[in-house]
Amino acid sequence: MLKVSHIKKYYDDFLAVDDLSFEVKPGEIFGLLGVNGAGKTTTFRMIIGLLEPSSGEITLDGRPIDYSVTDEIGFLTEERSLLTKLTVRDQAIYYGVLKGMKEDEILKRLDELLDKFKISNYKDKKIKELSKGNQQKIQFIMAIINNPRLLILDEPFSGLDPFNVELFKDEIKELAKEGSMIIFSSHRMEHVELFCKKLVVLKNGKSVLEGDLKDIKKKYRKKNIIISGDIDIKEIKKIDGVIAISKNNLDYEVKIASEDVADKVFKVVSKGDNITKFVVEEPSLNEIFIEKVGETYEK
C-alpha cells in the first residue's frame, strides 16, 4: 500500500503542498486532481523520491521510498520525457536497464506491448520520427515496461484519438486488475469518473475535496433533472430552488439546489405534453470540481 501521511513541501517560503494525506491500495486507481499550480507535480515528485517532503512521510508497503524500491514504480509525465534521437528499441533498453531489468526480458516485454498497441513496425524507428500520438504510446510503454507495482499517470490520454484512448483504458484496467496501485490525473473529468473510486482535489497545495467519489456525489446537494418533452420554462424558473435551465439536444437540463426541489419541478412538468423522460441525476464531477476549486480544469 502507498501511504502519504501529512506531507508538506516548502520552496523557500512558498508552501507548495500543505498537509496532504491519502492511501492507495493494491488494485486501486486513485484520482489526484487540481488545476495547474495546485501541487500535483510536486506531490508526484515526492512520491517517486525526486523530492524530499519538508515534513510528513511517504511509504510503500511500510518502507520509505528510496532507490531500493524505485524499480517497482512507473511514471508517465504530462511533458514528453523521451530521448528523441533513440530508436524505440534503444529507448526501451535504456529505461528497462534503469529499472533493473535484463535486456532479453526488456525486449520480450517491449514486443508484447508494441503488439498490444498496434505499433510493432515502429520498433526500430527513432522517437522523433513518430507522430505525437505514437510518441504518447511509447511514453506509456516506457512507464509500464517494468510491470510497476505503483504507477503514476499524469494526463495519459494526451494526443490520443478515441480508438487509442480505449486501448490505454483497457491496459490501465488490466494493470489494476493485476494488483498495481495507480494514481491517475487528468483534466477530463469523465475519465476520472470512469477509473477512480477515490480521489483528492488540490487547491493551492491543500486538499479541498477528498474521499469516495460515490459519497462525494451523494453529499453534494445540487442535482440535475433531465426532461424530455414540452415544458413551461417560465413556470419552472419561478420555482424556488431552480438554479438554471438549459437545452441539450432533445432534452432539457434543470439544475436544482437540492433533491427535494425535484418534486416541485415534477408537479409543473406533469402538466406539460409528451413528457417521455424525467430523471434526477447526481451532478458530474466536473460541476463539483468547478465549485470547489473556483475554475474549470479544461486546458
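Seven bridges join S1 to S2, and the two strands run antiparallel. Start the tour there. The model in your viewer is predicted.

**Stop 1: the S1–S2 hairpin**

Select residues 2-11 for strand S1. Add residues 14-24 for strand S2. Together S1 and S2 form a hairpin, with two residues between them. Find Tyr11 and look across: Phe14 in S2 stands opposite.

Now select Asp12. It lies in the loop between S1 and S2. Is Asp12 buried or exposed? Its relative accessibility is 75%, and exposed means over 50%, so Asp12 counts as exposed. Check the backbone too. Asp12 is not a glycine, yet its phi is positive, about 55°. Most residues other than glycine have a negative phi.

Stay in S2 and move to Asp19, which is found in this strand. What is the phi of Asp19? The value is near 55°, again positive in a residue other than glycine. Asp19 has 36% relative accessibility, so it counts as partly exposed. The range for that class runs between the 20% and 50% cut-offs.

**Stop 2: the open sheet**

Keep S1 and S2 on screen. Add residues 55-60, which make up strand S4. Then add residues 63-64, strand S5. In which order do the four strands lie? The order is S2-S1-S4-S5, in an open sheet with antiparallel pairing. S2 and S5 are the edge strands, and each of them pairs on one side only.

Look at the S1 and S4 pair. Five bridges link these strands in the antiparallel sense. For a landmark, select Val4: its bridge partner in S4 is Ile58. If you show side chains, bear in mind that in a regular strand they alternate between the two faces of the sheet.

**Stop 3: S3, S9 and S10**

Clear the selection. Show residues 29-33 as strand S3, and residues 198-203 as strand S9. Do S3 and S9 run parallel or antiparallel? They run parallel, joined by four bridges. Select Gly31 to see one pairing: its bridge partner in S9 is Leu199.

Next, add strand S10, residues 206-212. S10 is joined to S9 by six bridges, and here the strands run antiparallel. Lys203 has Lys206 in S10 as its bridge partner. S9 and S10 form a hairpin with two residues between them. Pick Asn204 in that turn: its phi is positive, about 50°.

**Stop 4: Glu155**

Go to residue 155. Glu155 sits in the loop between strand S7 (150-154) and helix H5 (162-177). Is Glu155 buried or exposed? With a relative accessible area of 6%, against a buried cut-off of under 20%, Glu155 is buried.

Draw a distance from Glu155 to Asn249. The two are 94 residues apart in sequence. C-alpha to C-alpha, they are 30 Å apart in space.

**Stop 5: Val279 in S14**

Select residues 273-281. This is strand S14, and Val279 lies in it. Val279 has 33% relative accessibility, so it counts as partly exposed. What does Val279 touch, leaving out residues up to four places away in sequence? The residues are Asn224, Ile225 and Ile226.

Add Lys218 and draw one more distance. Val279 and Lys218 are 61 residues apart along the chain. Their C-alpha atoms are separated by 16 Å.

**Stop 6: zoom out**

Color residues 2-229. UniProt, in an unreviewed entry, places the feature "domain: ABC transporter" at these positions. This stretch is 33% helix and 30% strand. Its end C-alpha atoms are 50 Å apart.

Now show the whole protein chain. There are ten helices and 14 strands. Along the principal axes, the C-alpha atoms fill a box of roughly 70 × 45 × 30 Å. The chain has 299 residues, and 47% of them count as buried.

Turn on the surface. The chain exposes about 15400 Å², with 48% supplied by carbon and sulfur atoms. Then color by charge. The chain carries 49 positive and 52 negative charges, and their mean positions are 2 Å apart.

Finish with the contacts. Consider those between residues at least 6 apart in sequence. Of these, 68% join residues at least 24 apart.

Notes: Residues are numbered from 1 along each chain as its sequence is written. This is a predicted model: local features need pLDDT of at least 70, side-chain atom pairs count only at pLDDT 80 or more; totals for chains, interfaces and linings use all residues. Side-chain values use heavy atoms; hydrogens and water are left out. Two strands pair if DSSP finds at least two bridges between them. UniProt positions are given in the numbering used here, feature names are shortened, and annotations may be inferred rather than shown by experiment. Buried means under 20% relative accessible area, exposed over 50%, partly exposed in between (1.4 Å probe, protein chains only). Contact means heavy atoms within 4.5 Å. Accessible areas come from the Shrake-Rupley method with a 1.4 Å probe; for residues, only the protein chains shown count as cover. Lys and Arg count as positive and Asp and Glu as negative; His and the chain ends are not counted. The place of a charge is taken as NZ of Lys, CZ of Arg, CG of Asp or CD of Glu.
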